[in-house]
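Welcome! Take a moment to look over the sequence and the fold before reading on. The notes below will walk you through a few parts of it.

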Amino acid sequence: MPPESHAPSVRIGHAERAASPQGTWRAHFAESVAAHQAVGPDEAPVRTRWRTRFAPAPTGYLHLGHVANAIFVWGLARAFGGAVVLRLEDHDRSRCRPAFEDALLDDLDWLGFEADIAPTSSYRLTSEGARSAPHPYRQSDNDARYVAALAVLEQQRLIYPCTCTRRDIASLVPRTTGEEARYPGTCRDAPGDPASTLARRMLLDDTVESFVDLRLGAMTQQPSAQCGDLLVRDRSGGWTYQFAVAVDDAAHGIDVIIRGEDLLSSTGRQRQLSRRLGGVRLPLVLHHPLLVHASGEKLSKANGDTAVRERRRAGATAAALIGEAAHLAGLTTSRAPMDARDVASLFLVT
Ligand SMILES: [Zn+2]
């Protein structure tokens with residue numbers, strides 16, 4: 001689809017007038033959308049149709065943070081006439097459970113968020129209780145895709161085996177609490193026997209990645225300084241989050257990656273990875289706020305009051321949860337109930 005000839009303008013909704021710290025984000029959004037009219041060679045042109053993805057991991061139950069993410073994912077896709085992909089990110093086999101997958105499909109249906117591509121029904125068990133055929137949007141069904149992507153990187157001599165344990169790296173890298181451990185490149189300089197471990201890293205160059213977040217504005221990140229050479233497969237043969245997501249976003253034709261601010265640091269490294277995999281039209285990104293209680297306390301699953309499943313059992317309506325999540329994400333001035341079909345109103349363009 002050709003780029004649009006003019007930027008859609010963003011109609012500022014009632015939440016924009018809110019005096020909250022997040023109240024001005026949509027002004028950034030409007031500016032960023034306009035800025036993307038002058039697209040570089042590796043930027044996605046602004047299109048009137050945006051393909052987004054909702055990509056939960058079946059490692060637990062859906063909680064209010066997922067609901068907030070869904071509001072952005074469905075809202076932007078609907079406002080821009082795009083399509084939503086439902087991807088099940090079960091690359092970490094040790095933490096995923098079929099019961100969680102069933103529960104998240106069920107909760108998503110209950111909330112009323114229906115994907116256009118790979119809807120919940122496509123993931124359901126057959127009447128015989130068996131999984132349907134390998135699913136193109138379920139990560140564990142697509143090992144061949146990651147194997148092929150790894151081969152592309154290997155052909156460029158960007159991959160080396162890493163025999164370091166987590167403890168090795170921790171002992172080499174002094175870091176303050178909360179700071180990301182940067183891999184010091186131990187095995188880059190003295191590669192071990194590839195047969196001795198399944199762990200593989202990708203060489204990162206010193207490129208500074210510049211991109212525009214649709215909410216936060218212009219960003220720069222230097223992945224080689226943040227995390228060092230990127231782990232793409234772990235010792236047990238599991239694909240890492242960073243690798244699987246970059247491969248999938250390209251394979252699924254995602255135009256806009258929408259996720260929480262806690263994953264902002266992933267963007268630079270995923271961009272470098274995507275380019276190495278041959279990507280020429282990298283996705284736009286929007287990182288939304290993580291939910292916090294009115295007290296400012298970070299809302300987490302551990303709080304117990306945020307699981308969709310529990311709130312459902314306690315008698316909450318889907319619209320009440322969506323209204324609450326929209327408010328906690330800074331999108332509305334009140335917790336008024338909101339139907340999943342109406343979330344586009346929060347992002348309307350004219
Ligand atoms: Zn190593």
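## Helix α10

In this predicted model, the buried residues of helix α10 are S266, T267, G268, R269, Q270, R271, Q272, L273 and S274. That makes nine of the eleven residues in α10, so the helix is largely enclosed by the rest of the structure. If you follow the chain just past α10, you will meet G278, which takes a positive phi of about 100°.

## Helix α9

Now turn to helix α9, which spans residues 241–251. Eight of its eleven residues are buried, and so α9 too is largely enclosed by the rest of the structure. You can pick the buried ones out by name: F243, A244, V245, A246, V247, D248, D249 and A250.

What covers these buried residues of α9? The cover includes two helices, α5 (143–155) and α10 (266–276), along with the strands β7 (230–233) and β8 (256–260). After α9 comes G253, with a positive phi near 65°.

## Strands β1 and β2

Another part to find is a pair of strands. Strand β1 covers residues 51–54 and strand β2 covers residues 83–86; the two run parallel and are joined by four bridges. For a concrete example, look at T52, whose bridge partner in β2 is V84.

Which helix joins β1 and β2 in a β-α-β unit? It is α2, residues 64–79, and the unit made by β1, α2 and β2 is right-handed.

Methods:
Residues numbered from 1 in each chain as written. Predicted model: local features only at pLDDT ≥ 70, side-chain atom pairs only at ≥ 80, totals over all residues. Pairing = 2+ DSSP bridges. Right-handed = clockwise from strand over helix to strand, strands pointing away. Buried ≥ 20, exposed ≤ 12 C-beta atoms within 10 Å, placed from the backbone. Contact = placed C-beta atoms within 7 Å.
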